[in-house]
Amino acid sequence: MASCCARHKCSKGVTCQAAHGQLNYCYCSAAAGHGQCFEAGAPERYVGILERTMPIVMIRDPELIKLITVKDFDHFVDHREFFGEDVFNKVTEEVDVDDLMRRYANDVIASTAFGIEVNSVVDKTNEFYETGQKLSNFSVWMRIKILITHAFPALAKKLKLQAFSEKTTNFFRGLVKNTMEYREQNKVERPDMIQLLMQAAKEWNPDELVGQAFIFFMAGFETSASVLVMTVHELSLNPEVQATLYEEIKQFGDVKKALIYDILQNMKYLDMVINETFRKWSPAIIMDRVCLKPYDLPPSRPGANPYTVEPGQVVYNMVNCIHMDEKYYPEPHRFDPERFSEENKNNIKPFTFMPFGMGPRNCIGARFALLEVKVLLYHLILNFEILKCQRTSEPLRLQPTDFQIKALGGTWVKLRKRY
Ligand code: HEM
């Protein structure tokens, strides 16, 4: 096969490179551009060039061009990617992870609890998202109302104090009611919570039904979004953890195969990473309980008196503080998924890891939430490398005045497409 290098020395100073298969290649640099290679290739109908490291066949003969572009088009259907090989190294602008994950968590709840499809990443100002944000971004007034309700429940009742505005609750009420009516009239069935609520409709009044969907929103939205944000943040700061996770995901991640439940269950390292995020940044900071019957607590230290908790009194089980106690987790600020490996997890003392609470009152959405979080992380890590950027807060510290687990300065990263 011919090449401009057949003579081992190109004319016009173009340097010869090593042979690639049957075609010898000229190095096409900025100095020795395509035009020079073309000229140097005469009288061959085509020659080989190397564009950086990529071997390319340069066609010099119009007859051959006709064959390639028209007659034998089916052999050459696609253009090259516009940005060439660099497109695969394309790094995004800084991404606001908080915003992105909230939109994802919002859409998941919209679909599974309220039975509606929204795409908040594309349709940024859809009503469901905007109203949901009002619920979870506690305004100062909302916080005051919650505080009064907690501290003086009788007064709050008398004042008919409600944490959420009537407009907001009416929106969700209308949504559930309309969806149910539509499904009934059009005989639509869908495997979601609205379907379950419709089955329970005979025993519950409409407000109770709406209340259930509302509780799912309140309990499931912020928690899931926050654990996703914190996992992404930690992965950006811990590239070696991210690399191990990627290796695991890649093993299972033949993109042609559909992601099925069983695949996710087999991903041990993914589980370890998520557990470590739950430990370090548990969205539920406190697990509260209200005392129903007098309860004798043992002495708080040797020599002290026992203490009786009276009915109505509130008990806080300190989830986060225990998760961060070095008695149970040495170097608690270190993000180390190995704490949850097969060998190490047996060393975790009972009741020192409780992201979903404990006992019969624990989280009913735990399995759902884990699935939601794993599906997103699977796709994200399979397709993108998470990179720290200028705005990534390191070391990761929390906003001091929030109910929620949020990084100081927000969570910002860059994403690099893997292939
Ligand atoms: C990562 C996400 C989540 C975390 C970390 C989380 C955590 C918790 C915790 C700590 C509790 C209190 C448990 C206790 O006091 O023992 C709880 C309760 C609850 N969670 Fe979740 N949750 C998550 C997601 C969800 C989701 C997605 C839903 C619904 C779709 C949900 C529904 C509930 C409900 C209804 C309760 C109240 C249970 C009761 O009082 O009986 N949660 N959650």
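The legends below describe close-up views of a predicted model.

**View 1. The chain as a whole, for orientation.** The predicted chain contains 14 helices and 10 strands. Buried residues account for 27% of its 419 residues. Of the contacts between residues at least 6 apart in sequence, 58% join residues that are at least 24 apart.

**View 2. Cysteine 363 and its surroundings.** Cys363 carries the feature "binding site" in UniProt, where the entry is unreviewed. Cysteine 363 sits in the loop that runs between α13 (319–323) and α14 (366–383). Because cysteine 363 has 18 C-beta neighbours inside 10 Å, it counts as partly exposed, the buried class requiring 20 or more. When residues up to four places away in sequence are left aside, cysteine 363 touches Phe356 and Gly357.

**View 3. The shell around the ligand.** The ligand is surrounded by 22 residues, of which the closest are Gly220, Ala284, Gly357, Cys363 and Gly365; Cys363 is thus both among these closest residues and the position to which the UniProt record assigns its "binding site" feature. Helices α9 (206–237) and α14 each supply at least two residues of the shell, and the largest share, seven residues, comes from α9. Sorted by class, the shell holds 14 nonpolar, seven polar and one charged residues.

**View 4. The largest nonpolar core and another core apart from it.** In soluble globular proteins, nonpolar side chains tend to be buried together. The largest nonpolar core in this model has 56 residues, and those with the most contacts inside it are Met101, Val176 and Ala213. Helix α9 gives the most to this core, with 13 residues, and α9 is also the element that provides the largest share of the shell around the ligand. Methionine 101, for its part, touches Ala225, Leu228 and Val229, with residues up to four places away in sequence not counted. Apart from the largest core lies another core, of five residues, which include Met287, Val319, Phe353 and Met354.

**View 5. Helix α12 and the elements that cover it.** Helix α12 comprises the 13 residues 268–280, which at 1.5 Å a residue should span 18 Å; its end C-alpha atoms lie 19 Å apart, and the two values therefore agree. The buried residues of α12 are Leu270, Met272, Val273, Ile274, Glu276, Thr277, Phe278, Arg279 and Lys280. Among the elements that cover these buried residues are α9, α10 (239–252), α13 and α14, and two of these, α9 and α14, each supply at least two residues of the shell around the ligand.

Notes:
Residues numbered from 1 in each chain as written. Predicted model: local features only at pLDDT ≥ 70, side-chain atom pairs only at ≥ 80, totals over all residues. UniProt positions renumbered as here; feature names shortened; annotations may be inferred. Helix = DSSP H or I, 4+ residues; strand = E, 2+ residues; numbered from the N terminus. Buried ≥ 20, exposed ≤ 12 C-beta atoms within 10 Å, placed from the backbone. Contact = placed C-beta atoms within 7 Å. Near = placed C-beta within 6 Å. Nonpolar A, V, L, I, M, F, W, Y, C, P; charged D, E, K, R; others polar. Core = buried A, V, L, I, M, F, W, Y, C linked by C-beta atoms within 7 Å. Expected span 1.5 Å × (residues − 1).
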